[in-house]
Amino acid sequence: MFKKIMKSGSRKPSRNDSNDPSTFGFDPPGHHHASNIVVNHSSRPTPQPSSPATKQPPPMHSIEPLPLFRDVPLPERQTLFLRKLQICSFHFDFTDTLKNAREKEIKRQTLLELVDFIQSGTAKISELCQEEMVKMISFNIFRCLPPASHENTGQEPADPEEDEPYLEPAWPHLQLVYELLIRYVVPSDTDTKVAKRYIDHAFVFKLLELFETEDPREREYLKTILHRIYGKFMVHRPFIRKGINNIFYRFVYETERHCGIGELLEILGSIINGFALPMKEEHKLFLIRALIPLHKPKPIAMYHQQLSYCIVQFVEKDYRLADTVIRGLLKFWPVTNCTKEVLFLGELEEVLEATQPVEFQRCMVPLFQQVSRCLSSSHFQVAERSLFLWNNEHIVVLIAQNRGVILPIIFASLEKNTESHWNQAVHGLSSNIKRMFMEMDPELFEECQQEYEEKQAKLKEVEEQRQSRWRRLDEAVEELERVGEDHMITS
């Protein structure tokens, strides 16, 4: 009975214990603890008592320069490492450049020393040092991001391409913290089993949230770090993919504003390239539910290049997805945004280049109905870009194999361009494509020409009948008015 009571008394720490602030960073200056308690994450094994050489030093309440690593004996460097981490856990106000200038410089120099120490690999840092280093990194980089300019003013959000990005004033320190994290995550000699205790799901989740920062320099570091974490920590891969998925959902269906979509898509491009075949159903659903709907938001121009690369990677990996992708593009095809339409036509060409004949035949009718509308667009860039599809040899081969279906769909648009389009380049390209079809299949071309002329004759006849009815109606109205006037005179 006594043994049962003793076992129940030493309970395992709950998951809520991991929310204690002390697990993510050092306490701010002036904050005291009764004792140096190590709070364990619920998924981490209880750490073994550290040796005297790596014992946690007492908390620091002011910043003073510490000796260099090379100036202390090797056994004392781990303790010095921990003390330097404490110096780097002080926060400063960078909006005032003159405030705490000395302390800021000491912290910057200390961060440089830590980066050099980790990079040199002269001594393997203990597990306690790794844990405290990740806490210090978390304490510095995980912060509330400033609101966007339109949130401050209450105005409608402007075009993100025209906005001046907000540059983080604390970047001189943040950059060094990110450099330290990269040098901890990237090296091949980093023990993944130990590191994953500290680079856990909570850390990755907060890292994903930081992609919303407006500072492009920080997003570039985040992209590199998250990509390395994905490659190094197998256990985090599904979590990272799901986290990116959720960011895309929120962007497409709620906010339509996020600064890091392009960087996240760059990471995904590399991830998709490594997918094994046959492709998992999970990955196909990600394409259908997350990537294709990214064509819907207005600021697509900011990330379209990366999105197009990801889409084409899927088609190159599994050619059977071409029909799904093309129909997805047609679903979100812009109606009034000509700039966006030009982007879609460029992506469509890349997808068609990776499309096999069987998949092409499944979607060619709705596809070329849309291409026909683009050919007859009064916006010359849209018409010209759609005509450029015939410059691609693979697409020309696909069209030639199915010319009996495609030419009747687009013939009217080509004919109207050669007859009346205002842009000379569009007029010339349309004439060249007509000549190509004529040489390819003279009989089919003659049939389409005859059918077009018959349709035009019918339309002309219908128009003449309509005009005739209007003339008769006008004459009847005039007659009624004249009769009415004569009646009024006689009365």
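**Note on cysteines, helix α15 and Val185**

1. The count of disulfides comes to zero. This holds for a predicted model. A disulfide is a covalent bond between the sulfur atoms of two cysteines. For Cys374, the closest cysteine sulfur belongs to Cys338, and the separation of 9.4 Å is too far for a bond, given that a disulfide requires sulfur atoms within 2.5 Å.

2. Cys374 counts as buried because its relative accessibility is 0%. Cys88 likewise counts as buried, at 0% relative accessibility; the cut-off for this class is under 20%.

3. Helix α15 comprises 16 residues, 338-353. At 1.5 Å a residue the helix should span 22 Å, and its end C-alpha atoms are 23 Å apart, so the expected and modelled spans agree. The N-terminal end of α15 is capped by Asn337, of which a side-chain oxygen lies 3.3 Å from the backbone nitrogen of Thr339.

4. The buried residues of α15 include the charged-type names Lys340, Glu341, Glu347 and Glu349; also among them are Phe344, Leu345, Gly346, Leu348, Val351 and Leu352. The elements covering these buried residues include α13 (304-317) and α14 (322-331), together with α16 (357-375), α17 (380-387) and α18 (393-401).

5. Val185 belongs to helix α6 (residues 171-185). With a relative accessible area of 2%, Val185 is buried. Leaving aside residues up to four places away in sequence, Val185 touches Arg228, Ile229, Lys232 and Phe233. Ala195 is ten residues from Val185 in sequence, and their C-alpha atoms are 8.2 Å apart in space.

Key
Residues numbered from 1 in each chain as written. Predicted model: local features only at pLDDT ≥ 70, side-chain atom pairs only at ≥ 80, totals over all residues. Heavy atoms only, no water. Helix = DSSP H or I, 4+ residues; strand = E, 2+ residues; numbered from the N terminus. Expected span 1.5 Å × (residues − 1). Buried < 20%, exposed > 50% of the residue type's maximum accessible area, 1.4 Å probe, protein only. Contact = heavy atoms within 4.5 Å. Polar contact = N/O pair within 3.5 Å; in protein donor to acceptor, adjacent residues only side chain to side chain.
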